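Grab a pencil and open the viewer. Here are some short exercises, each followed by a solution that goes step by step.

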Amino acid sequence: MRLAWSLLGLCLLYYSADALLPPSKEELNQISLLGEKYLDRQIENAITGVKEMKTVMERSGEDHKKFLNALEKTKQQKETAMKTAQEMEAKLAEEEEVCNETMQALWEECKPCLKNTCIKYYSRTCSSGSGLVGRQLEEVLNRSSPFSIWINGENIDVLERQDQEQNQRFQDLEERYSEVADGVDSIFLDSMKVFDHMRSFHQPMFSSPFMMHRYFGSSEPRPRPYRSVLRDPEFHGFHNMFQPMMDMARSLFGSLGPYMGSDPDFDSIPNEDGAVNEDVVITRPFGKDHMTCREIRRNSAGCIKLREECEKCKEIQSIDCSGKKPLDGKLKEDLESALAMAEKFTQEYNGLLRRFEEEMFNTSSLLDMLNKQFGWVSALANNTKSEDGIFKIKTVICKSSEDAQQTGDTNVSVQLFDSPPMTFTVPGDIPWSDPKFSEVVAQEALDRYKQNTIVVK
């Protein structure tokens with residue numbers, strides 16, 4: 001043993017101060033082999049992480065089916081209620097025709113009073129937008145029936161508009177959901193390519209049928225057009241797909257709050273100036289009905305709740321058409337009942353959309369977290385075709401240090417997968433003979449490969 005150390009000392013003295021003894025070709029191969037085993041473990045962990053992404057998406061798919069069933073059922077109930085309300089409104093309009101002349105005279109005096117009263121209450125509280133509110137309310141009243149302002153329930157036109165918005169929102173959600181599912185599938189399929197290639201090197205951890213089942217299970221990816229999401233320049237993360245939709249949803253659902261019922265998740269919605277508690281306009285004096293300034297700007301029909309302030313509007317309520325008072329009969333009750341059901345199912349549909357959106361918002365955050373940790377392995381699908389192994393250390397050059405008490409750094413040239421050789425420095429306190437050296441070199445090579453080859457989102 002002493003003789004061996006003496007020989008090593010003589011060899012070290014033989015080299016100049018600028019260079020130390022490098023490893024032999026066989027030693028380079030051994031270091032490369034140790035580094036490759038380290039990378040095998042990193043790839044194994046990454047593939048397991050991708051499998052977790054797939055599992056997360058499969059669980060989300062089960063929830064997605066439940067949401068679709070619930071949405072379809074609620075939509076059918078809402079459409080039935082809407083159809084009944086439209087039928088009742090048409091019958092009420094027929095009653096209105098009987099006393100059209102008297103009704104129209106009162107209505108023409110009611111409309112400007114409602115408009116002026118709305119602007120008055122709005123202007124007391126809100127800093128701007130009264131002209132816009134007045135014009136919007138005038139348009140609403142010109143499309144409305146005189147009897148309709150005394151029907152307790154949302155205007156059918158408003159419900160129909162909300163239905164259109166809900167349909168569009170649902171289509172957007174479905175499109176984003178499909179994009180997320182496609183993205184996870186592409187990462188999963190690429191990872192399977194890497195898995196198959198690693199098995200070709202006959203590494204024990206990749207050759208076991210048990211491990212194959214553990215990674216990928218028995219479920220097959222859905223038959224979708226294949227595309228690699230990580231190589232798509234338009235891809236900026238799964239979470240980013242839903243962020244704009246959540247912002248829009250908070251704005252939309254917040255503006256519908258007075259009509260569709262309160263939602264504790266959306267009560268504190270910032271206004272256009274960033275404040276949470278916007279000024280409130282009381283739309284039923286001495287009562288409980290109220291709307292924020294922004295809500296009235298978005299839906300001035302809420303000002304119809306000020307009808308008690310206008311005498312001509314109140315007279316419409318008691319008008320007699322050929323011995324009948326349409327607003328005192330069963331027809332009005334049936335219409336209000338149908339509207340109440342339509343509003344109820346519209347609110348339920350909104351709630352389902354919100355929960356589905358929040359579910360995907362949270363799921364996409366988890367997917368992004370897993371993708372940042374493990375998604376890199378999928379980018380190796382087309383970069384692991386070399387038959388010489390996945391990792392090879394080309395050269396190791398040890399430099400001497402000006403400080404006799406310290407070991408000089410080591411310059412290393414390595415090739416990882418199919419990438420061009422890369423060169424970097426390893427701290428001198430980790431000699432190439434230390435088993436840790438191969439792990440440090442392999443990890444540094446992998447980090448550089450990620451930076452240069454994989455687009456980080």
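Before the exercises, one definition: helix axes are lines fitted to C-alpha atoms over the stretch in contact, and angles between N-to-C directions run from 0 to 180 degrees. Keep in mind that this is a predicted model.

**Exercise 1. Warm-up**

Find out how many helices and strands the protein has, and what percentage of its residues count as buried.

Solution.
- Step 1: go through the secondary structure, and you get 13 helices and 5 strands.
- Step 2: turn to burial; 45% of the 457 residues count as buried.
- Step 3: look at how far along the chain the contacts reach. Taking contacts with a separation of 6 or more, 76% are between residues 24 or more positions apart.

**Exercise 2. α2 against α12**

Work out how α2 and α12 are oriented relative to each other.

Solution.
- Step 1: get the geometry. The axes of α2 and α12 lie 8 Å apart, and the packing angle is about 165 degrees.
- Step 2: apply the cut-off, where angles over 145 degrees count as roughly antiparallel. So α2 runs roughly antiparallel to α12.
- Step 3: check the hand. The crossing of α2 past α12 is left-handed.
- Step 4: sort the residues of this contact by class, which gives 29 nonpolar, 10 polar and 11 charged.
- Step 5: pick out a residue on α2. Lys83 sits in this helix and is exposed, at 53% relative accessible area. Its C-alpha atom is 9.8 Å from that of Leu339, although the two residues are 256 apart along the chain.

**Exercise 3. The cores**

Determine which residues touch the most other members of the largest nonpolar core, and which element supplies its largest share.

Solution.
- Step 1: take the 56 residues of the largest nonpolar core; Ile43 and Phe391 touch the most other members.
- Step 2: list the contributors. At least two residues each come from α2 (25–98), α5 (156–200), α12 (330–374), β3 (391–398), β4 (410–416), β5 (422–426) and α13 (435–453).
- Step 3: find the main supplier. That's α2, with 13 residues.
- Step 4: don't stop there, as a second, separate core has 45 residues, including Leu92, Cys126, Ala342 and Phe345.

As background, nonpolar side chains in soluble globular proteins tend to be buried together.

**Exercise 4. α3 against α4**

Now do the helix analysis for α3 and α4: what are the angle and the distance between their axes?

Solution.
- Step 1: α3 (residues 100–125) and α4 (residues 130–143) pack at about 150 degrees, and their axes are 9 Å apart.
- Step 2: these two helices are therefore roughly antiparallel.
- Step 3: the hand here is right-handed for α3 passing α4.
- Step 4: identify the partners. On the α3 side they include Trp107, Lys111, Leu114 and Cys118, while the α4 side includes Val133, Leu137, Glu138 and Leu141.
- Step 5: by class, this contact of α3 with α4 comes to 8 nonpolar, 4 polar and 3 charged residues.

**Exercise 5. Lys111: buried or exposed?**

Place this lysine, then decide.

Solution.
- Step 1: Lys111 is in helix α3.
- Step 2: the cut-off for buried is under 20% relative accessible area. Lys111 has 13%, so it counts as buried.
- Step 3: check the partners. Outside four places in sequence, Lys111 is in contact with Leu141 and Asn142.
- Step 4: compare sequence and space. Lys111 and Glu138 are 27 residues apart along the chain, with 7.4 Å between their C-alpha atoms.

**Exercise 6. Two loop residues**

Place Cys303 and Phe417, and look at the burial of Cys303 and Phe417.

Solution.
- Step 1: Cys303 lies in the loop between α10 (293–298) and α11 (311–317). It is buried, at 1% relative accessible area.
- Step 2: apart from neighbours within four places in sequence, Cys303 is in contact with Leu114, Cys118, Val133, Leu137 and Ile296. Of these, Leu114 is 189 residues away in sequence and 7.4 Å away in space, C-alpha to C-alpha.
- Step 3: Phe417 belongs to the loop between β4 and β5, and is buried at 4% relative accessible area.
- Step 4: from Phe417 to Lys392, the C-alpha to C-alpha distance is 8.6 Å, with their positions 25 residues apart in sequence.

Terms used
Residues numbered from 1 in each chain as written. Predicted model: local features only at pLDDT ≥ 70, side-chain atom pairs only at ≥ 80, totals over all residues. Heavy atoms only, no water. Core = buried A, V, L, I, M, F, W, Y, C linked by side-chain atoms within 4.5 Å. Buried < 20%, exposed > 50% of the residue type's maximum accessible area, 1.4 Å probe, protein only. Helix = DSSP H or I, 4+ residues; strand = E, 2+ residues; numbered from the N terminus. Parallel < 35°, antiparallel > 145°, perpendicular 65-115°, else oblique. Left-handed = near helix turned anticlockwise from the far one by under 90°. Nonpolar A, V, L, I, M, F, W, Y, C, P; charged D, E, K, R; others polar. Contact = heavy atoms within 4.5 Å.
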